Amino acid sequence: MSNSIESRIRTFDEILEQKQDVEDYETESSREQDSVERNVLEAYRLGQPILRKHLHMLFLESCLTNLNEDHECLDCSRPWLCYWIIHSLQILGKRLSDSEYSKIAGFLAKCQSPEGGFGGGPGQYPHLASTYAAVNALCIIGTPQAYQVIDRKGLKRFFLSLREEDGSFRLHTDGEVDMRGVYCAAAISKLTNVWTPEMFKETENWIAQCQTWEGGFGGTPGMEAHGGHTYCGLSALVILGGIHRCCMKSLLRWIVNKQMRLEGGFQGRTNKLVDACYSIWLGGIFPLVHGILKHFDEEYNSEYWLFDQTALQEYLLFCCQDNYGGLLDKPKKFRDIYHTCHALCGLSVAQNSPKMLVIECDGYKDSNRLEVIDTIFNIACDSLCKAKDYFYSLPIPD
């Protein structure tokens, strides 16, 4: 990878020129957009593009052991809390102690079901989403203890039990079918080396049916294009080797138009507001697109992703940092672990194109740089390589 270059941020006047034009016809949507733009402009006017790494680390480490009552609603998402926290810390360059990682691995072991897969907490039914979070968290920890928690034979049995004849996957026994299930099954089966062709028979066809007239992917055939489902759909096609089933021209048209002109961040659907979590769900698609274009066109040699990487960094640094640590959806919202993780993921993507592009503020050289993540699996590249080395030294279970 080439050396980084410092990115020139937009001036306030340049940002101001991008205000929406309602063409003398206000709607509820335009009023909401105007409110967001006012808050964003205030953040750009008053802030500095400096990543408060130390504060974010303190916030995340405190969340490992102390969560307030507002988090009770996430009792069925406890592997996700583990994943969001340790993934964020790793992106920031912080590793916990061996004993702390051992405790997390031990807790995740209690979330594993005898039926295969992981539930949202000890004793809860296994679910594909919590299985994805648990396995990724264990791979981030990356110790023999963590790897050995995963019952690969049970995992394979669990995936096969959720597969539908059309190639889609239910998220849990008798549960709903949507694109998240396909992605979680594809990503984790490939990562842990339990993948077999029969497990994903017809899956590429089902994913292709979810691409909409807009160009993005919906949760199921006939649903509206959505940033999260598009990330899942394209990633799954890459994993399965079925990228030829995607109409790249319409996908590219859709994703480039999801970056907001004034804010610099991404919206998740047409006519919706900016949200920091789409920094990875949409920003993370561009490295995949880059690889696909290089695969099909040997002369394609762009050193940058096909979106405004500087503007996304501006949005996350100016508008989405809480003064006490943690990141948020948009200005005037509250910090949370979910948006902290996905905003940092998106910031890493925006920095780490083939030619690194990093916003650096005077006196804070290198302080904004983050670790590189693999956007197909959404874990740090080093952790992904270590996990694959371990799991691919083992046979595929019967």
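## Rings, helices and a nonpolar core

The charged end of Lys190 sits over the ring of Trp195, 4.1 Å from the ring's centre. The model that shows this is a predicted one.

**Aromatic pairs**

Rings also meet other rings here. Searching the whole structure gives 18 aromatic pairs. One of them joins Tyr132 and Tyr183. Their ring centres are 5.3 Å apart, and the planes meet at 55°, so the pair counts as tilted, since only angles over 60 degrees count as edge-to-face. Where do the two residues lie? Tyr132 belongs to helix H6 (residues 128-141) and Tyr183 to helix H9 (residues 179-191), so their pairing ties together parts that are 51 residues apart in sequence. Tyr132 is buried, and Tyr183 is buried too.

Another pair is formed by Tyr390 and Phe391. This one is edge-to-face, with 5.1 Å between centres and 85° between planes. Are its two members buried or exposed? Tyr390 is partly exposed, at 25% relative accessible area. Phe391 is buried, at 0%.

Some aromatic residues gather in a group. Trp80, Tyr83, Trp84, Tyr132, Tyr183, Tyr231, Trp281 and Tyr338 make up one aromatic cluster. Tyr132 and Tyr183, the tilted pair, are both in this cluster.

**Helix H6 and the core**

Now follow helix H6. The largest nonpolar core has 122 residues. Which of them touch the most other members? They are Tyr83, Leu128, Phe159, Ile207, Leu234 and Tyr315. H6 gives the most to this core, with 11 residues. There is a general pattern behind such cores: in soluble globular proteins, nonpolar side chains tend to be buried together.

Leu128 has many contacts beyond its sequence neighbours up to four places away. Among them are Phe158, Phe159, Leu162, Phe169 and Arg170. Leu128 also touches Leu171, Gly181, Cys184 and Ala185.

Thr131 is another residue of H6. Thr131 is buried, with 1% relative accessibility. Setting aside residues up to four places away in sequence, Thr131 touches Gly117, Phe118, Leu155 and Phe158. The C-alpha atoms of Thr131 and Trp80 are 9.1 Å apart, while the two residues are 51 apart in sequence.

Asn136 lies in H6 as well. What does Asn136 contact, leaving aside neighbours within four places in sequence? The list is Tyr83, Ile188, Leu191, Phe377, Asn378 and Ile379. Asn136 is buried, at 0% relative accessible area.

Compare these values with those of residues elsewhere in the chain.

| Residue | Relative accessibility | Class |
|---|---|---|
| Thr131 | 1% | buried |
| Asn136 | 0% | buried |
| Leu58 | 44% | partly exposed |
| Cys210 | 1% | buried |
| Cys320 | 0% | buried |

Leu58, from the table, sits in helix H3 (residues 53-65). Leu58 and Tyr324 are 266 residues apart in sequence, but 9.0 Å apart in space from C-alpha to C-alpha.

**Cysteines without bonds**

A disulfide is a covalent bond between the sulfur atoms of two cysteines. How many disulfides does the model contain? The count is 0. Take Cys210: the nearest cysteine sulfur belongs to Cys232 and is 11 Å away. For Cys320, the closest cysteine sulfur is in Cys319, at 5.8 Å. That is too far for a bond, because a disulfide needs the sulfur atoms within 2.5 Å.

**Two more helices**

Helix H14 (residues 285-296) has 12 residues. How far should H14 span? At 1.5 Å a residue, the expected span is 16 Å. The end C-alpha atoms are 17 Å apart, which agrees. Ile285, Phe286, Pro287, Leu288, Val289, His290 and Ile292 are the buried residues of H14. They pack against helix H11 (227-240), helix H12 (248-256), helix H13 (278-281) and helix H16 (337-351).

Helix H15 (residues 309-319) is buried at 11 of its 11 residues, so the rest of the structure largely encloses H15. Among those buried residues are Gln309, Gln313, Glu314, Tyr315 and Cys319. What covers them? The cover includes helix H1 (12-16), helix H2 (28-46), H13, H16 and strand E2 (355-358). Tyr315 appeared earlier, as one of the core residues that touch the most other members.

Conventions:
Residues numbered from 1 in each chain as written. Predicted model: local features only at pLDDT ≥ 70, side-chain atom pairs only at ≥ 80, totals over all residues. Heavy atoms only, no water. Phe/Tyr/Trp six-rings, centres within 6.5 Å; stacked < 30°, edge-to-face > 60°. Helix = DSSP H or I, 4+ residues; strand = E, 2+ residues; numbered from the N terminus. Buried < 20%, exposed > 50% of the residue type's maximum accessible area, 1.4 Å probe, protein only. Lys NZ or Arg CZ within 6 Å of the ring centre and 35° of its normal. Contact = heavy atoms within 4.5 Å. Core = buried A, V, L, I, M, F, W, Y, C linked by side-chain atoms within 4.5 Å. Expected span 1.5 Å × (residues − 1).
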